[in-house]
Amino acid sequence: MRLRPWLPFIIGIVAITAMLLYWRHWIHEQRVLEKAQAKAQIAKRSVRRDRAAHPAPLPDAKHVESAHYAITTTADAAQTQRVVDAVEALYVAYGRLFSAHVAPAAGREKLKLTLYAYREQFKANNYSMPWAEAYYLRPICYAYYAKSDRNPYHWMIHEATHQLNAEVAGFRKAKWIDEGLATYFGTSRLERGRLIPGAIDPDTYPVWWLTNAGLTGSLDDDIEAGRWIPIRAIITGRDAPNINSNVNRYYIQYWSLSHFLFHYENGRYAAAYKRLIAEGGTLEHFEKRIGPADRIEYQWYRYLQGKIQAMTADGR
């Protein structure tokens with residue numbers, strides 16, 4: 001049988017095409033492998049960087065333990081004890097509020113805190129943002145004893161709440177909720193050894209900035225002028241102003257939104273908010289659990305205005 005003269009040419013073309021396709025596939029697989037290896041190396045470097053990112057304990061630091069905490073401290077014994085009492089009160093109050101999410105502590109490793117004796121010592125060892133007065137770098141909370149403040153432990157309560165969110169309750173990382181809960185507990189009153197969630201202590205951050213919020217009574221005007229960050233920007237982080245130049249505004253709104261959701265109209269949204277916290281706090285879940293964002297924003301704005309007016313009337 002005689003082959004057609006063009007058949008070897010066609011066979012050659014098919015063979016070359018097959019080789020080129022295989023080569024392309026091989027190159028693609030190599031690139032995928034290289035990307036995976038590069039990601040693994042970045043992850044390893046990140047882990048090493050995280051482990052190395054903690055400041056070294058100061059030479060004169062002491063170690064103190066309580067029921068749920070292990071504390072490295074340069075503060076004196078009385079100052080350290082006040083902070084210990086405060087965080088233990090937080091642990092109890094947090095456990096009561098989120099009883100469905102906090103398992104018994106038996107067998108759990110103690111939570112780690114580092115307490116500095118004064119602000120300058122903390123600032124010299126600050127591994128967070130330059131404006132930070134305290135920070136949580138897992139697994140350790142860092143703060144100082146603010147002896148010149150009426151409430152010298154509220155910075156540590158704030159950070160210890162972040163720690164409870166992450167290490168005890170295991171809540172998903174939604175910034176507006178994480179910061180909202182930290183400011184909610186951090187601004188709560190400590191009375192007779194009990195932390196009372198939502199009972200506002202005016203000598204705490206960011207509550208002491210409320211009278212400087214500059215709200216006019218017109219939500220639209222305040223959004224337009226940059227005095228108010230819209231609720232959708234707070235929840236999603238999209239189209240939001242830079243936090244570094246709007247720190248106090250952000251934290252007033254983080255705090256007040258959580259306070260509103262727990263206490264508006266005698267806790268109208270409290271149960272739904274707790275479910276939302278566990279779900280992760282997306283805008284979709286917010287509107288499903290709480291209600292339309294625009295309507296809730298107006299209620300929240302009026303609620304915060306009422307808190308500001310009450311503080312102004314008290315002469316704060």
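Where does Pro139 lie, in terms of the strands around it? That is a friendly place to start a walk through this predicted model, and the answer comes under the first point.

1. **The two cis prolines.** Pro139 lies in the loop that runs between S4 and S5. The peptide bond that joins Arg138 to Pro139 is cis, and its omega is about 10°. There is a second case further along: the bond from Tyr205 to Pro206 is also cis, with omega near 5°. Pro206 is in the loop between strand S7 (194-200) and helix H6 (219-224). If you plan to build on this model, these are two bonds you may like to look at on screen.

2. **The overall picture.** The protein has 11 helices and seven strands. It has 316 residues, and 43% of them count as buried. Among contacts with a separation of 6 or more, 64% are between residues 24 or more positions apart. The accessible surface comes to about 17600 Å², and carbon and sulfur atoms hold 54% of that area.

3. **The nonpolar core.** In soluble globular proteins, nonpolar side chains tend to be buried together. Here the largest nonpolar core has 86 residues, and Trp176 and Tyr273 are the ones with the most contacts inside it. Helix H8 (residues 247-263) gives the most to this core, with 10 residues. Trp176 is a good residue to centre your view on: leaving aside residues up to four places away in sequence, Trp176 touches Ile234, Ile235, Tyr254, Leu257, Leu261, Tyr273, Leu276, Gly281 and Phe286. Tyr273, the other residue singled out in the core, is thus among the partners of Trp176.

4. **The largest pocket.** About 670 Å³ of space lies in this pocket. Its lining has 26 residues, and those nearest the centre are Trp131, Ala134, Glu159, Glu179 and Tyr251. Strand S4 (135-137), H4, H5 and H8 each give two or more residues to the lining. H4 has the largest share, with five residues. By type, the lining divides into 16 nonpolar, four polar and six charged residues. Helix H8 therefore appears in two settings, as the element that gives the most to the largest core and as one of the elements lining the largest pocket.

5. **The second largest pocket.** This one holds about 210 Å³ of space. It is lined by 18 residues, with Pro57, Thr72, Leu113, Thr114 and Ile140 nearest its centre. The elements that give two or more residues to the lining are strand S2 (69-73), strand S3 (111-116) and strand S5 (140-144). S3 gives the largest share, five residues. The lining divides into 11 nonpolar, six polar and one charged.

6. **The enclosed space.** How many cavities of 30 Å³ or more does the structure hold? There is one, and the largest cavity has about 30 Å³ of space. Its lining is made of His154, Trp155, His158, Ala182, Thr183, Gly186, Thr187 and Tyr205. Helix H4 (154-169) and helix H5 (175-186) are the elements that give two or more residues to it. Three of the lining residues are nonpolar, five are polar and none is charged. Tyr205 in this lining is also the residue that precedes the cis bond to Pro206.

7. **Two positive phi values in one loop.** Glu265 is not a glycine, yet its phi is positive, about 50°. Asn266 is likewise not a glycine and has a positive phi of about 55°. Glu265 is in the loop between H8 and helix H9 (270-279), and Asn266 is found in the loop between H8 and H9 too. As for cover, Glu265 is partly exposed, with a relative accessible area of 47%. Asn266, at 82% relative accessibility, counts as exposed because the cut-off for that class is over 50%.

8. **A last look at Asp76.** Asp76 lies in the loop between S2 and helix H2 (77-97). Its relative accessible area is 40%, so Asp76 is classed as partly exposed. The C-alpha atoms of Asp76 and Ala61 are separated by 10.0 Å, and the two residues are 15 residues apart along the chain.

Definitions and conventions: Residues are numbered from 1 along each chain as its sequence is written. This is a predicted model: local features need pLDDT of at least 70, side-chain atom pairs count only at pLDDT 80 or more; totals for chains, interfaces and linings use all residues. Side-chain values use heavy atoms; hydrogens and water are left out. A nonpolar core is a set of buried Ala, Val, Leu, Ile, Met, Phe, Trp, Tyr and Cys residues joined through side-chain atoms within 4.5 Å. Buried means under 20% relative accessible area, exposed over 50%, partly exposed in between (1.4 Å probe, protein chains only). Helices (H or I, at least four residues) and strands (E, at least two) are DSSP runs, numbered from the N terminus. Contact means heavy atoms within 4.5 Å. On a 1 Å grid over the protein atoms alone, a cavity is a set of points where a 1.4 Å probe fits but cannot get out, and a pocket is an open set with protein on both sides within 12 Å along at least five of seven lines; lining residues have an atom within 4 Å of a point. Grid points are joined across faces, edges and corners, and a volume is the space filled by probe spheres set on the points. Ala, Val, Leu, Ile, Met, Phe, Trp, Tyr, Cys and Pro count as nonpolar, Asp, Glu, Lys and Arg as charged, and the others, Gly among them, as polar. Accessible areas come from the Shrake-Rupley method with a 1.4 Å probe; for residues, only the protein chains shown count as cover.
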